[in-house]
Amino acid sequence: MAVTVRSIEVAVPPTALDQRQVRDLFTAQPGLSRLGARLAAAAFNASGIERRHTVLPELAPGATAATAFLDPATGRILDPGTGVRNAVYAREADRLFVEAAGAALAGCAGVGPGDVTHVVTASCTGFHSPGPDYRIVRALGLQPSVQRTHVGFMGCYAAFPALRQATAICRADPEAVVLVAAAELCTLHVRVRDDQDTVVGASLFADGAAAAVVTGRDLGPAPALQLDDFATLLTPVGEEAMAWSIGDHGFEMVLGSYVPHIIDEHVESALTPLLARDASLRGTHRGVEHWAVHPGGRSILDKVETALGLTAEQMGPSRDVLRDFGNMSSATVLFVLRDVLARAGAGERVCAMAFGPGLTVESGLFTRVGSPVTAAGTAPTAADLELSGAR
C-alpha cells in the first residue's frame, strides 16, 4: 500500500538574527583570543546563512534586559548551566512543536484531530517529561488513546527514523494517521570558546520546528509525497568527527572540519542500498529529479553537489533553507522537503538525505503524487514566512 506525507508545515521563533550582527557579537566576546575571533569571522562569513531564528530575543541587537544568556551592558554572552538552558527548552520547544503540528494538521484536508492515531516526535536539544509528544496530544485535542513515540538525541538525521516509524505504522494499519514533528532549539547551547567545533556550531545552528501528516488513507488528489523506501548507512570512518554530548554548561557539539570530506568520499556509496532496491532507477541516482539534502553547512552541500553531479537547481531548496533558516538539526530536512513538495511535478522522484553522529547517513526515496502544482501552489518565500511568523 502507498503511504504518503500529506502536508508539511513549519514554525520558527519570532526573533530573527541577521548573520552579520551575530558574527559581530560573537567576534567581540572578551573570552575569545585573536585567533578565535579570526576563526569565528571566517566561519560566519563562509556559512551560506543570511538569517536565523532563536528563542533568545536577548541575542538580537537592542536588547536591554539582563538574562542568564547575555549581559547587555557589556555585550558578553554568558554561560548558564544545563538546567537553566533546559528549562527554556521545556517551555519554548513545546510551543514550537504544538505550533508546527497544529499547522500540519490544519493543512491536511480530510483529516482532523480525532483522526490522528499516532504521534512521533524528534528532538536532541533538550529533555523533559511529560514531553512534546504529550503536549501535542493535549494542546491539539487529540484522542487520549493516541500512541506516542519520541526519537531522542539522534541529531540532524532524526527526521528519517521518525518518518520511517510513521511509514511502518501506516503499512501495518492502513487507517492510521501519524503526526510527525521535530523541533530543535540549538541556540540554547551556544558557547564562547576558541576551539573550532564551538565556533562552527555558533555560526550554523538555529531554532525551528516542522511537522508532517503521514497516512495510508486515500485522501484525494492533493499533492503528496509517497514514502517509497529508506536506508541507513554508517560510514567506515568518522565516529569521532560528529558527536553530541551533555555537559555542565549545555550540550556540546563536535563537528569536525573533516566531516565534509567524509561525506564527499562516502555519499555515493551510502545511496547504493537505497537505489538498488528500486528497479525503475536501475541502481543510479541519475533518474531522481529532486533532492532534499540536509543543509548541515555550506561545505557539506558543496561536497554533495560535486560528488553526485547535481545541478544548482536541484540543490536550490537545501541552499535556500540554509540561507534563510540556518541548521535547525532534525527539523531542517523537513523544511527542505516542504519546498520540494511544492516544486515537484506529479510522478517525479525525490531523494532526501541527512548526516549525523556516528557518522550516520540516513536517506529516503519518495515519489511526488497527486494533482499538478499550479503557480498558486509554489512554496512560500522566506519573506512570506517572516510576515506570518512561519506560524
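Visitor: Where should we begin: over residues 8-215, what share of the chain is helix and what share is strand?
Guide: Over that stretch the chain is 37% helix and 22% strand, and the C-alpha atoms at its two ends are 13 Å apart. UniProt, in an unreviewed entry, lists residues 8-215 as "domain: Chalcone/stilbene synthase N-terminal". Please keep in mind that this is a predicted model.

Visitor: Which residues does UniProt list for "domain: Chalcone/stilbene synthase C-terminal"?
Guide: The unreviewed entry gives residues 234-366. There the chain is 41% helix and 24% strand, with end C-alpha atoms 21 Å apart.

Visitor: How do you know how confident the predictor is in the protein chain?
Guide: pLDDT gives that confidence on a scale from 0 to 100. The mean for the protein chain is 93, and 95% of its residues reach 70 or more. Residues 374-391 are another matter: pLDDT stays under 50 there, and the model has 25 contacts for them beyond four places in sequence.

Visitor: What makes a set of residues a nonpolar core?
Guide: The residues must be buried, belong to a list of nonpolar kinds, and be joined through side-chain atoms within 4.5 Å. The largest such set here has 45 residues, and Phe-26, Val-119, Ile-136, Leu-142, Leu-179 and Leu-188 are those with the most contacts inside it. Among the elements that give two or more residues to this core are α1 (19-27), α4 (132-139) and β8 (177-185). Helix α3 gives the largest share, 9 residues. Another core, of 44 residues, lies apart from this one and includes Ala-158 and Phe-325.

Visitor: Why do nonpolar side chains tend to be buried together?
Guide: I can only tell you that it is a general tendency in soluble globular proteins. For an example here, look at Leu-188: leaving aside neighbours within four places in sequence, its contacts include Val-55, Leu-56 and Phe-69.

Visitor: Why is Leu-301 called buried?
Guide: Buried means under 20% relative accessible area. Leu-301 has 0%, so the word applies. Leu-301 sits in helix α8 (residues 298-308). Not counting residues up to four places away in sequence, Leu-301 touches Val-293, His-294, Pro-295, Met-315, Ser-318, Arg-319 and Leu-322.

Visitor: Is Cys-156 buried or exposed?
Guide: Try the same test: the cut-off for buried is under 20%. Cys-156 has a relative accessible area of 8%, so Cys-156 is buried. Cys-156 is found in the loop between β7 (147-152) and α5 (159-172). UniProt, in an unreviewed entry, places the feature "active site" at Cys-156. Beyond four places in sequence, the contacts of Cys-156 include His-294, Asn-327 and Phe-355.

Visitor: Why is the pair of Phe-230 and Phe-366 called edge-to-face?
Guide: Ring centres must lie within 6.5 Å to make a pair, and planes over 60 degrees apart count as edge-to-face. For Phe-230 and Phe-366 the centres are 5.9 Å apart and the planes meet at 65°, so both conditions are satisfied. Phe-230 lies in strand β10 (residues 224-234) and Phe-366 in strand β15 (residues 360-369), so this pair ties together parts that are 136 residues apart in sequence. Both Phe-230 and Phe-366 are buried. The structure holds 8 aromatic pairs. There is also an aromatic cluster formed by Phe-127, Phe-153, Trp-244 and Phe-251.

Visitor: How do you know that β10 and β15 pair?
Guide: Two strands pair if there are at least two bridges between them. β10 and β15 have 10 bridges, so they pair, in the antiparallel sense. Leu-227 stands opposite Phe-366 in β15. β15 is mostly covered, with 9 of its 10 residues buried.

Visitor: Which strand pairs with β15 over 8 bridges?
Guide: That is β14 (residues 349-356), again in the antiparallel sense. The bridge partner of Ala-354 is Glu-362 in β15. In the hairpin of β14 and β15, 3 residues lie between the strands, and Gly-358 takes a positive phi near 145°.

Visitor: How many bridges join β13 to β14?
Guide: There are 4, and these strands run parallel. Val-293 stands opposite Met-353 in β14. Strand β13 (residues 290-293) is covered on both faces: His-290 and Ala-292 on one side, and Trp-291 and Val-293 on the other, are all buried.

Note on methods:
Residues numbered from 1 in each chain as written. Predicted model: local features only at pLDDT ≥ 70, side-chain atom pairs only at ≥ 80, totals over all residues. Heavy atoms only, no water. Buried < 20%, exposed > 50% of the residue type's maximum accessible area, 1.4 Å probe, protein only. Contact = heavy atoms within 4.5 Å. UniProt positions renumbered as here; feature names shortened; annotations may be inferred. Phe/Tyr/Trp six-rings, centres within 6.5 Å; stacked < 30°, edge-to-face > 60°.
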